[in-house]
Amino acid sequence: MYALQPEDLVNQRVLDCPGGPSGLVAGAIEREIDMLAVDPQYSETAEVLEQRGRGDITLTIDKARKDPALQMTDADYKAFEQEKQNALAAFIHAYRLHPERFVSGSLPELPFDDGAFDLVLSGHLLFVYAPRVLGGIMVNDAFDLDFHIAAARELIRVGNEVRIFPTYAFTGEVRRQPWVKPVMEALRGDGHHVSFLASRWEQQGHVDFNDSLRIVRCREISG
Ligand SMILES: C[S@@+](CC[C@H](N)C(=O)[O-])C[C@H]1O[C@@H](n2cnc3c(N)ncnc32)[C@H](O)[C@@H]1O
């Protein structure tokens with residue numbers, strides 16, 4: 001997603017926001033990478049998150065099986081489900097053993113100091129939680145354009161560099177998600193360097209617009 005190799009993260013302070021029930025921090029711990037994750041769900045116990053994660057996997061697979069656009073074989077679905085179960089198991093294991101790595105918090109206000117991290121990774125929240133009519137997954141506009149801009153500003157406040165994935169429309173016709181451009185303009189207006197970085201991972205066959213958004217802080221934080 002982020003065009004990174006594990007060695008790029010050595011001696012870096014890394015934040016995964018939102019971490020969700022994913023295996024990223026578990027993989028970082030194995031490689032002795034200094035990574036924290038933040039998510040509103042981390043106010044819950046491991047038992048609640050495990051049960052919720054299992055339910056979400058079942059729902060996702062059931063939905064995918066009914067989607068005629070996804071031409072996946074039975075073996076593909078089984079492999080996808082196994083991958084998700086493995087990630088959930090790795091997450092729950094790490095969540096129980098290393099609670100200090102999982103911080104409860106929500107965008108657009110994170111509980112970290114300015115520049116606390118060298119790198120902030122942000123997957124599958126911004127541009128994905130946009131309304132469905134705009135290529136996101138939400139039936140409402142709880143995560144509107146103002147939220148997206150405020151959230152991106154918060155990510156670059158706490159990190160020297162931010163990478164956000166994906167930037168393509170998650171639903172509907174193949175295109176760049178329409179809020180990517182105004183978010184880029186706002187962050188450029190603040191003085192940051194903003195560019196696309198090609199992803200090396202093809203999610204559900206997405207090839208076009210398969211980039212993360214890279215924001216590099218270019219000015220001192222004021223205020
Ligand atoms: C689809 S998961 C993404 C997990 C992981 N980054 C990935 O790419 O698989 C989206 C996460 O966003 C979290 N979330 C929802 N609202 C949020 C907010 N306002 N700030 C931060 N995270 C939020 C949810 O709790 C959920 O865990």
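## Overall fold

The protein chain has 5 helices and 7 strands. Read from the N terminus, these elements go β-α-β-α-α-β-β-α-β-α-β-β. Keep in mind that this is a predicted model.

As for overall dimensions, the C-alpha trace spans about 50 × 40 × 35 Å along its principal axes. The radius of gyration is 17 Å, which agrees with the value near 17 Å that a compact globule of 223 residues would have. Of those 223 residues, 32% count as buried. Sequence-distant pairings are well represented too: take the contacts between residues at least 6 apart in sequence, and 69% of them join residues at least 24 apart.

## The nonpolar core

In soluble globular proteins, nonpolar side chains tend to be buried together. Here, the largest nonpolar core holds 44 residues, and the members that touch the most others are V14, L15, V25, V120, A152, L155 and I215. Helix 4 supplies the largest share of this core, with 6 residues.

V25 is worth a look on its own. Leaving aside residues up to four places away in sequence, V25 touches D16, G19, M35, A37, A94 and R101.

## Helix 5 and its two sides

Helix 5 covers residues 180-189, and its buried residues are V180, V183 and L187. They sit on the same side of the helix, because they cover an arc of only 65° around the axis. The spacing fits a general rule: an α-helix has 3.6 residues a turn, so residues three or four places apart point the same way. On the other side of helix 5 you'll find K181, P182, E185 and G189, which are exposed.

What lies over the buried residues? The cover for helix 5 includes helix 4 (145-158), strand 6 (193-198) and strand 7 (211-216). After helix 5 comes G191, with a positive phi near 100°.

## I57 on helix 2

I57 belongs to helix 2, which runs over residues 46-66. It counts as partly exposed, because it has 18 C-beta neighbours inside 10 Å and the cut-off for buried is 20 or more.

Beyond residues up to four places away in sequence, I57 touches E81, K84, Q85 and L88. Back along the chain, A46 is 11 residues from I57, and their C-alpha atoms are separated by 16 Å.

## Around the ligand

The ligand is surrounded by P18, G20, S22, D39, P40, Q41, S106, L107, G123, H124 and L125. Sorted by class, this shell has 4 nonpolar, 6 polar and 1 charged residues.

One of these shell residues, L107, also takes part in a cis peptide bond: it is joined to P108 with omega about 10°. P108 itself is in the loop between strand 3 (102-104) and strand 4 (117-123).

## More backbone oddities

There is another cis peptide bond from F165 to P166, with omega near -5°. P166 lies in the loop that connects strand 5 (159-165) and helix 5.

Two residues that are not glycines have a positive phi. A3, with phi about 55°, is in the segment before strand 1 (13-16). With 15 C-beta neighbours inside 10 Å, A3 counts as partly exposed. E32 also has a phi of about 55°, and its place is the loop between helix 1 (24-30) and strand 2 (34-39). E32 is exposed, since just 9 other C-beta atoms lie within 10 Å.

Notes
Residues are numbered from 1 along each chain as its sequence is written. This is a predicted model: local features need pLDDT of at least 70, side-chain atom pairs count only at pLDDT 80 or more; totals for chains, interfaces and linings use all residues. A residue is near a molecule or strand if its C-beta atom, placed from the backbone, lies within 6 Å of it. Ala, Val, Leu, Ile, Met, Phe, Trp, Tyr, Cys and Pro count as nonpolar, Asp, Glu, Lys and Arg as charged, and the others, Gly among them, as polar. Helices (H or I, at least four residues) and strands (E, at least two) are DSSP runs, numbered from the N terminus. The radius of gyration is taken over C-alpha atoms; the globule rule is 2.2 Å times the number of residues to the power 0.38. A residue is buried if 20 or more other C-beta atoms lie within 10 Å of its own, exposed if 12 or fewer, and partly exposed in between; C-beta atoms are placed from the backbone. Two residues are in contact if their C-beta atoms, placed from the backbone, lie within 7 Å. The arc is that of the directions from the helix axis to the C-beta atoms. A nonpolar core is a set of buried Ala, Val, Leu, Ile, Met, Phe, Trp, Tyr and Cys residues joined through C-beta atoms within 7 Å.
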